[in-house]
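Subject: Handing over a structure

Dear colleague,

I am passing a structure on to you, and its sequence and coordinates are shown just below. After them you will find my notes on what was found.

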Amino acid sequence: NGFIGQHLSRELQRHEIQIRGTARSSNGSNIKDFVECDLEQVLSVDKLVMGCDTIIHLAGRAHRKDDGAREKYFSANEDVTRRLIDSAIRQGVKRFVYLSSIKVNGESNDPSTPIKVTDTPKPLDNYGASKLAAEECIKRACAQSETEYVIIRPTLVYGKGVRANFDSLIKLVKTGLPIPLKGLRNKRSMIGVNNLVDLIITASTDPAAKNNIFLASDGDDLSTPEMIDLIAKALDKKAHTFALPLALLR
């Protein structure tokens with residue numbers, strides 16, 4: 001039922017690929033084979049996994065402002081992943097595709113030195129740390145089995161139905177209010193949700209993806225002012241931006 005999950009479900013069904021979906025509550029993507037399940041509460045997911053060739057694991061806790069409790073992030077992201085990968089191995093699942101996050105690599109980098117998959121992970125918050133812990137759990141489990149893994153660390157994902165900070169920026173541009181970000185010279189890697197979905201589907205079957213980690217972006221990095229201009233253009237509005245000294249903006 002999440003932002004990426006709904007796009008992925010629709011695309012898989014469009015290609016007439018047989019899928020089983022799960023979510024905590026309603027079947028938002030109208031999947032025929034749907035199992036209502038709170039992955040944090042169930043001790044066994046064997047029935048959910050049974051008969052599947054591939055698992056695409058999108059569920060997790062992210063961007064919650066109500067608390068920063070470390071144990072809640074690790075319960076949702078590491079513990080759930082451990083139960084899923086252990087069950088996948090028991091059930092003979094061929095491939096386990098896990099959607100991680102670029103936050104595993106930290107919050108920022110020198111623009112002249114792009115982040116690489118070979119870099120030492122350096123997560124700086126509970127979310128990034130729990131996603132890294134889930135990755136390590138998957139790699140350890142698969143090393144002792146025939147189940148293959150693919151880990152994808154997407155950059156900022158945008159597209160229809162986007163939430164979190166990107167949605168906040170869109171709403172801000174819609175107001176027409178002046179935005180004090182004109183002076184920023186940052187660059188942000190992003191990936192369109194349709195491109196990400198295509199990558200996930202390819203990673204589910206392509207032999208070359210076996211036991212690999214991928215960093216995913218469109219390959220067209222933008223500054224925040226450029227993003228604002230493009231959002232305004234898409235909304236058929238005029239962007240009103242002005243510059244503030246960086247120290248004051250911080």
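The lining of the largest cavity is made up of six nonpolar residues, two polar ones and one charged one. In this predicted model, the residues that form that lining are Leu172, Val173, Gly176, Leu177, Ile179, Ile228, Lys238, Ala239 and His240. The space enclosed in the largest cavity comes to about 40 Å³, and the count of cavities of 30 Å³ or more is one.

The second largest pocket has a volume of about 150 Å³, and its lining consists of four nonpolar, two polar and three charged residues. The residues that line the second largest pocket are Leu12, Gln13, Glu16, Ile17, Gln18, Ile19, Ile31, Lys32 and Asp33.

Asp33, one of the residues in that pocket lining, also takes part in a salt bridge with Arg20, in which the closest N and O atoms are 3.1 Å apart. This pair links distant parts of the chain, since Arg20 belongs to strand 1 (residues 20-23) and Asp33 to strand 2 (residues 33-36), with their positions 13 residues apart in the sequence numbering. Arg20 has a relative accessibility of 31% and therefore counts as partly exposed, and Asp33, with 29% relative accessibility, counts as partly exposed too.

The structure holds 13 salt bridges, and a few others may be worth locating on the model as you read. Arg90 forms a salt bridge with Asp46, where the closest N and O atoms are 2.8 Å apart. Because Arg90 lies in helix 3 (residues 70-90) and Asp46 in helix 2 (residues 46-49), this pair ties together parts that are 44 residues apart in sequence. Arg90 has a relative accessible area of 55%, and so is classed as exposed. The side chains of Glu107 and Lys103 also meet in a salt bridge, at 2.9 Å from N to O, and Glu107 is partly exposed, with a relative accessible area of 42%. In addition, Glu78, Asp79 and Arg82 are linked in a network of salt bridges.

Lys103 appears again when one turns to helix 4, as one of the residues touched by Tyr127. Helix 4 covers residues 126-143, which makes 18 residues, and it reaches 26 Å from its first C-alpha to its last, close to the 26 Å expected at 1.5 Å a residue. Helix 4 is mostly covered, with 13 of its 18 residues buried.

Is Tyr127, for its part, buried or exposed? Tyr127, which lies in helix 4, has a relative accessible area of 11%, and because buried means under 20%, Tyr127 counts as buried. Leaving aside residues up to four places away in sequence, Tyr127 touches Arg61, Ala62, His63, Tyr73, Asn77, Ser101 and Lys103. The C-alpha atoms of Tyr127 and Lys72 are separated by 9.6 Å, although these two residues are 55 residues apart along the chain.

Two residues deserve a look for their backbone angles. Most residues other than glycine have a negative phi. Ala164, however, has a phi near 60°, which is a positive value in a residue other than glycine. Ala164 is found in helix 5 (residues 164-175), and with 43% relative accessibility it counts as partly exposed. Asp236 likewise has a positive phi, near 60°, and is not a glycine. Asp236 lies in the loop between helix 7 (224-234) and helix 8 (246-249), and with a relative accessible area of 73% Asp236 is exposed.

One further loop residue is Ala59, which is found between strand 3 (54-57) and helix 3 and which, at 35% relative accessibility, counts as partly exposed. Ala59 and Ile152 are 93 residues apart in sequence, and their C-alpha atoms are 14 Å apart in space.

With best wishes

How values were computed:
Residues are numbered from 1 along each chain as its sequence is written. This is a predicted model: local features need pLDDT of at least 70, side-chain atom pairs count only at pLDDT 80 or more; totals for chains, interfaces and linings use all residues. Side-chain values use heavy atoms; hydrogens and water are left out. Helices (H or I, at least four residues) and strands (E, at least two) are DSSP runs, numbered from the N terminus. The expected span of a helix is 1.5 Å times one less than its number of residues. Buried means under 20% relative accessible area, exposed over 50%, partly exposed in between (1.4 Å probe, protein chains only). A salt bridge is a side-chain nitrogen of Lys or Arg within 4 Å of a carboxyl oxygen of Asp or Glu. Contact means heavy atoms within 4.5 Å. On a 1 Å grid over the protein atoms alone, a cavity is a set of points where a 1.4 Å probe fits but cannot get out, and a pocket is an open set with protein on both sides within 12 Å along at least five of seven lines; lining residues have an atom within 4 Å of a point. Grid points are joined across faces, edges and corners, and a volume is the space filled by probe spheres set on the points. Ala, Val, Leu, Ile, Met, Phe, Trp, Tyr, Cys and Pro count as nonpolar, Asp, Glu, Lys and Arg as charged, and the others, Gly among them, as polar.
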